Amino acid sequence: MSKHRTFGHSPLTRTHKLSMAGVAALGAAALAVTLVPGQGTQATAQDGTVATAPVAFTTTAGTAQIKDVQASVANQQATATKQAEAAAKKAAEQKAAEEKAKADAEAKAQKEREAKEAASRSAQRTTVKAAPVAVKTYANNLDGWIRQSLDIMQKNGIPGTYDGLYRNIMRESTGNPNAVNGYDINAQNGTPSIGLLQVIQPTFSAYHVSGTSTNIYDPVANITAAANYAADKYGSIDNVNSAY
């Protein structure tokens, strides 16, 4: 028997059936989710079926969760940055404090060394100043009296020599510091000549040299006052060769 083809009703092939099933499934999925723009471009396979590219889906709840995670990460990073900055600042401050303390300690040590050195120099100067000064001594005799008188005369600018003093002393008193002339005109007037150079009291008082005894019988004071008087009247005791 021959087969008859019905016009207007073409039989469906296996390929056609599969294609229609795929379209139905795709339509159902589109109703349930939102297709991301730019995705899901169709491509026709060699066998005539519709192939779809991978489709990315997202939801409102998922977007919020992503934002929360991103915000949490950003907060953690900001906190870590602040903590690192605070730690760096603290370390810098600590280092600066340590350097300042070290500098202060060095400055203090330097001042102490300088103070010790200054004290040492001061002590050395004091030692030098306090060094015993040799005190000149004179014999307690005519030679010693003349030499001591000459030193005092030199300090006070009074002229005279050892020979001039010695010569006049020997003529006036023969070297006796207690000699008194009780018979000359001065004695008659109540002011006898006294001492090594036979000086009367008014003359001794008028020409007394500061730093010597005020006792007219004192050998050094007597010689110095007489030499001072002779310098005023004759230019020097060396110029006196007789009673004066």
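## How α3 and α4 pack

Let us start with two helices, α3 and α4, which are oblique to each other (angles under 35 degrees count as roughly parallel, over 145 as roughly antiparallel, 65 to 115 as roughly perpendicular and the rest as oblique). Two packed helices are described by the angle between their axes and the distance between the axes. Here the axes of α3 and α4 cross at roughly 130 degrees and come within 10 Å; axes are lines fitted to C-alpha atoms, for helices over the stretch in contact, with angles from 0 to 180 degrees between N-to-C directions. The crossing in which α3 passes α4 is right-handed, a term for a near helix turned clockwise from the far one by less than a right angle, while anticlockwise would be left-handed.

Which residues of α3 meet α4? They are Leu142, Asp143, Ile146, Arg147, Leu150 and Met153, and their partners in α4 are Tyr162, Leu165, Tyr166, Ile169 and Met170. Contact means heavy atoms within 4.5 Å.

## About the model and the whole chain

This is a predicted model, in which local features need pLDDT of at least 70 and side-chain atom pairs count only at pLDDT 80 or more, while totals for chains, interfaces and linings use all residues. Residues are numbered from 1 along each chain as its sequence is written, and side-chain values use heavy atoms, with hydrogens and water left out.

The chain has 7 helices and 4 strands, arranged along the sequence as α-β-β-α-α-α-β-α-β-α-α. Helices (H or I, at least four residues) and strands (E, at least two) are DSSP runs, numbered from the N terminus. Of its 244 residues, 20% count as buried; buried means under 20% relative accessible area, exposed over 50%, and partly exposed in between, with a 1.4 Å probe and protein chains only. Among contacts between residues at least 6 apart in sequence, 46% join residues at least 24 apart.

## Helix α7 and what covers it

Helix α7 takes in residues 219-234, 16 residues in total. From first C-alpha to last, α7 reaches 22 Å, close to the 22 Å expected at 1.5 Å a residue (1.5 Å times one less than the number of residues). Just at its start, a side-chain oxygen of Asp218 comes to within 3.3 Å of the backbone nitrogen of Val220. After α7 comes Gly235, with a positive phi near 95 degrees.

The buried residues of α7 include Val220, Ile223, Ala227 and Tyr229. Among the elements that cover the buried residues of α7 are our two opening helices, α3 and α4, along with β4 (193-194) and α6 (201-207).

## Ser193 in strand β4

Ser193 lies in strand β4 and is buried, at 5% relative accessibility. Its side chain makes polar contacts of 3.4 Å with the side chain of Asp184 and with that of Asn186. A polar contact is a pair of N or O atoms within 3.5 Å; within protein, one must be able to donate a hydrogen and the other to accept it, and residues adjacent in sequence count only if both atoms are side-chain atoms. Beyond its neighbours within four places in sequence, Ser193 touches residues including Val180, Gln198 and Ile200.

## Two residues with positive phi

Is Gln198 buried or exposed? Gln198, in the loop between β4 and α6, is buried, with a relative accessible area of 12%. Its phi is positive, about 45 degrees, although Gln198 is not a glycine.

Thr174 sits in the loop between α4 and β3 (180-181). Thr174 has a positive phi near 55 degrees and counts as exposed, at 59% relative accessibility.
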